[in-house]
Amino acid sequence: MADFDPDCIFCKIVAGELPGTIIDEDERTIAFMDINPATRGHALVIPRKHARDLLEIEPEELQAVAVAAQRLGARALDRLGADGVNLINSCGTAAWQTVFHFHVHVIPRYEGDPLRLPWVPGPGDPDEIATAAAALR
Ligand code: AMP
Ligand code: ZN
């Protein structure tokens, strides 16, 4: 996989070919504001090197993105007065991924904000849980 994908909008932001409101950079990552923010301060952290998704990104790149996301999450609490933070990654269209350059959403959370869990928590069938666990071991 080439480091740069000419058809990828996030690669173009890394290269400066498309505008991005960049808020953090290091050797391996950049972070910029999401143009459709879920809450105030919603940002995206990406590797500079193109990788399609969670399955394709190299471990060292993933580690760098995670550390950058931790740094930004802390900054959201410190600078924006957020009360918490969600880190979200979507891998595959079934999981809502729409841009196929790996990214972690850093979503500051505020007491009483309108975001809700995308599933309704409820007890699962114990046999089904055990079967899935066996398949995952
Ligand atoms: P996902 O649906 O998890 O793949 O997330 C893609 C995110 O990228 C969405 O939240 C979009 O709002 C955001 N996005 C798409 N294009 C841009 C852009 N040019 N600059 C900043 N954020 C973008
Ligand atoms: Zn890319």
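## Salt bridges, zinc site and packing in a predicted model

Aspartate 53 and arginine 52 form a salt bridge in which the closest N and O atoms are 3.8 Å apart. The model in which this contact occurs is predicted. The two partners are covered to unlike degrees: aspartate 53 is buried, with a relative accessible area of 10%, whereas arginine 52 is partly exposed at 41%. In total, nine salt bridges are counted.

Another of these joins the side chains of arginine 75 and aspartate 24, with an N to O distance of 2.8 Å. Arginine 75 belongs to helix H2 and aspartate 24 to strand E1 (residues 22–25), so this salt bridge ties together parts of the chain that are 51 residues apart in sequence. Aspartate 24 has a relative accessible area of 9% and is buried; arginine 75, at 23%, counts as partly exposed. Both residues also take part in a network of salt bridges that links Asp24, Asp26, Arg71 and Arg75. A further salt bridge is formed by arginine 79 and aspartate 78, with the closest N and O atoms 3.8 Å apart. In that case both arginine 79 and aspartate 78 are exposed.

The chain as a whole contains three helices and five strands. Read from the N terminus, the order of these elements is α-β-β-β-α-β-β-α. Along the principal axes, the C-alpha atoms fill a box of roughly 50 × 40 × 25 Å. The chain has 137 residues, of which 31% count as buried.

The zinc ion (ligand 2) has four donor atoms, and the angles they subtend, 104 to 117°, make the arrangement tetrahedral. For this class, all angles have to lie between 85 and 135 degrees. The protein donors are Cys8 through SG, Cys11 through SG, His50 through ND1 and His101 through ND1, and they lie 2.0 to 2.3 Å from the ion. Along the chain, the donors of this zinc ion follow the spacing C-x2-C-x38-H-x50-H. Cysteine 8 is located in the segment before H1, and histidine 101 in the loop between strand E4 (84–88) and strand E5 (104–109); the pair therefore ties together parts that are 93 residues apart in sequence. Cysteine 8 counts as buried at 7% relative accessibility, and histidine 101 counts as buried at 0%.

The loop between E4 and E5 also holds tryptophan 96. The phi angle of tryptophan 96 is near 85°, which is a positive value in a residue other than glycine. In contrast to the buried histidine 101, tryptophan 96 counts as exposed, with a relative accessibility of 60%.

Aromatic contacts were examined next. A pair of aromatic rings is described by the distance of the centres and the angle of the planes. One aromatic pair is counted in the model. The pair consists of phenylalanine 10 and phenylalanine 32, whose ring centres are 5.2 Å apart and whose planes make an angle of 80°, an edge-to-face geometry. Phenylalanine 10 lies in helix H1 (residues 9–15) and phenylalanine 32 in strand E2 (residues 29–33), so the contact ties together parts that are 22 residues apart in sequence. Both rings belong to buried residues: the relative accessible area is 6% for phenylalanine 10 and 3% for phenylalanine 32.

On the surface, Leu54, Leu55 and Leu62 make a nonpolar patch of about 290 Å². Leucine 54 is placed in the loop between strand E3 (43–47) and helix H2 (59–80). With a relative accessible area of 40%, leucine 54 is partly exposed; this value meets the condition for patch residues, which is over 30% relative accessible area.

Definitions and conventions
Residues numbered from 1 in each chain as written. Chains lettered and ligands numbered in written order. Predicted model: local features only at pLDDT ≥ 70, side-chain atom pairs only at ≥ 80, totals over all residues. Heavy atoms only, no water. Patch = residues over 30% accessible without salt bridge, like charges linked within 9 Å, V, L, I, M, F, W, Y side chains within 5 Å. Areas by Shrake-Rupley, 256 points an atom, 1.4 Å probe, with all protein chains shown as cover. Salt bridge = Lys/Arg side-chain N within 4 Å of Asp/Glu carboxyl O. Helix = DSSP H or I, 4+ residues; strand = E, 2+ residues; numbered from the N terminus. Buried < 20%, exposed > 50% of the residue type's maximum accessible area, 1.4 Å probe, protein only. Phe/Tyr/Trp six-rings, centres within 6.5 Å; stacked < 30°, edge-to-face > 60°. Donors = N, O, S within 2.8 Å, 3.2 Å for Na, K, Ca; no water. Tetrahedral: all angles 85-135°; square planar, octahedral: opposite > 155°, others 65-115°.
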